[in-house]
Amino acid sequence: MIISLCLIGFCTCAFYLHFVYRNWQYLKFSWQVKNGFWYPILPLIGTMYVSLFSESINIMSLMQWIDKIKGFPFSLWDADKYIYITKDTKEVKIFVNHPKCVNKAPFYDKLKFIFDDSIFVVPEEIWKKQRKHFGMGFKSSILKNNVYVYYNHSCRMIEDLKYVETPKDIFRYFDRYSVQSFFLGNTGISKYLSSFEMEKVGDIILEIQDLLNSLIIIPFISPKLWLAIFPAGKKIKKLLEESKEITKYGIAQKKKMLRENQEYRENSKDILELCLIYNPNDSDDKIMRQVAFFASAGSDTTGYALTFTFVLLGMHQEIQEKVYKEVMEVVGDKDITHQDLPNLKYTEATICETLRLFPVVPVIGRSCDEDIDLGTKIIPKGSSCIFSILHLHRDPQYWPDPLKFDPSRFLPENQSKINPSSFMPFSAGPRDCIGKAQALVNLKVTIANVARHFKITSNHRSIQEFSLQSCLTMKTRESPHCCFSARKK
Ligand code: HEM
């Protein structure tokens, strides 16, 4: 017994001595940070067990626990990897613009098991090439064409909404809508697939996303272990296989077109074509994963932004009337075109205000590839940083009456009052959201079209009512109530 205790004592001392020796600079830094310093760092899990103190184990609950109980900035250890968590605008601005903070935090590594070649997780050298290449898929000429695609797609949804009226799971409803928008606008594959097949591929992507979220949610289980233990890992592989089968014919047709028509190759730049051009020798499986990643990045985000906007409009009738009035003045009963979009100023301000209150990507994380000077302290190379966009967006220091839904904050005449670093739903700097402009176009077209056809109501009364949860993207724990009643002509 005594020998065992001595042995345990010896191993514990050896572990901590070794830990302190290897991580001295990070410990020194976390001493400066104060919050989070005193939690014992345990082998394998570091201080990630603190997530058990929050309401539930997900990144959003952890951030809210830090905000309410401990305060930002905060230090966390994922095993022996140091993580600095902040919502300070000056620091966030330094991080997102720093050339040595371009790589993603190891927090996202779990995505590599499925999306290993995707722009989101590849190292900086490859990311730079991919960003330049795939940037061509989001050029303004392509967006201009897509207005027509989004408008027609939203018209079909409007017909459906007339029957559905109150979607049971509104997040899922607009998620499905957005994944279809992506396939219609960014892949050109719809002409080779039946609408049933299109819906199936969209649903597969959404299912993969849900499974991936369950992977991210468990902070201390390594992805390899996760894939081995949980059936979800195998299921993702099966789903990817299934979507490959469905899209096989469409991909083959696209390849044929690219081979046969050089001019077409030079001028056409949807995401699927860009994937085929980027690495012509890639297998269908790899191409499918690349496309699936873009679909996945563009669907939850846009779908949740639509959901939150409609719920907020349903809760604020006077704001909804202003949107309605603007849409009727600018567009009236005709088709929405790309010329209308710059004139939908109040609608755009409503989208921005929604994304301020509910940034659908509430947290982002970067890796420090060298020591980074934060002004008051220097964060050591090798640390990870997590920024809470949600808390930045709801900070009373930057946003008076932060929980009030007030789109007028974003009207052109008030924009000079906004500190640009206090609003970043699409992140900022060179690694911001590549689909930002596309998302805004799609949101504007869809919201304007829905607002002129329906009177939206919701029985929620305040922003505080919503309990949020997030892995990569953020939604409410329960599906919110929202009803769409056709406006009388
Ligand atoms: C409301 C809608 C959207 C929001 C709020 C949003 C937000 C974000 C954020 C915060 C990031 C992370 C940037 C960082 O880590 O600093 C990101 C990255 C990304 N987003 Fe979006 N996004 C939206 C829509 C879209 C759409 C429609 C697409 C494409 C179809 C897209 C594709 C991507 C990609 C590929 C990245 C990775 C970019 C890179 O690493 O270079 N997003 N997005």
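**Figure 1. The shell around the ligand in a predicted model.** The ligand is surrounded by 24 residues. The closest are Gly 298, Thr 301, Ser 427, Cys 433 and Gly 435. Three helices each give two or more residues to this shell: H6 (170-186), H12 (284-315) and H16 (436-453). Helix H12 provides the largest share, with six residues. By residue class, the shell holds 14 nonpolar, seven polar and three charged residues.

**Figure 2. Arg 431 in its loop.** Arg 431 sits in the loop that runs between helix H15 (389-393) and helix H16. Is Arg 431 buried or exposed? It is buried, because 21 other C-beta atoms lie within 10 Å of its own, and 20 or more count as buried. This view also shows Val 102, which is 329 residues away from Arg 431 along the chain. In space, the C-alpha atoms of Arg 431 and Val 102 are separated by 6.7 Å.

**Figure 3. Helix H14 from end to end.** Helix H14 covers residues 345-357, a run of 13 residues. What span should H14 have? At 1.5 Å a residue, the expected value is 18 Å. The C-alpha atoms at its two ends are 19 Å apart, so the model agrees with the expected span.

**Figure 4. The surroundings of helix H14.** Of the 13 residues in H14, 10 are buried, so the helix is largely enclosed by the rest of the structure. The buried residues include Tyr 346, Ile 351 and Leu 355. Charged residues are buried here too, among them Glu 348, Glu 353 and Arg 356. Thr 347, Thr 350 and Thr 354 are also buried, as is Ala 349. Which elements cover these residues? The cover includes helix H12, helix H13 (317-330), helix H15 and helix H16. Two of these helices, H12 and H16, also give residues to the shell around the ligand.

**Figure 5. The chain that frames the close-ups.** The chain has 16 helices and 10 strands. Its radius of gyration is 24 Å, close to the 23 Å that the globule rule gives for 489 residues, so the chain is as compact as a globular protein of that length. Along the principal axes, the C-alpha atoms fill a box of roughly 85 × 55 × 40 Å. Buried residues account for 40% of the 489 residues. Take the contacts between residues at least 6 apart in sequence: 75% of them join residues at least 24 apart.

Key. Residues are numbered from 1 along each chain as its sequence is written. This is a predicted model: local features need pLDDT of at least 70, side-chain atom pairs count only at pLDDT 80 or more; totals for chains, interfaces and linings use all residues. A residue is near a molecule or strand if its C-beta atom, placed from the backbone, lies within 6 Å of it. Helices (H or I, at least four residues) and strands (E, at least two) are DSSP runs, numbered from the N terminus. A residue is buried if 20 or more other C-beta atoms lie within 10 Å of its own, exposed if 12 or fewer, and partly exposed in between; C-beta atoms are placed from the backbone. The expected span of a helix is 1.5 Å times one less than its number of residues. Two residues are in contact if their C-beta atoms, placed from the backbone, lie within 7 Å. The radius of gyration is taken over C-alpha atoms; the globule rule is 2.2 Å times the number of residues to the power 0.38.
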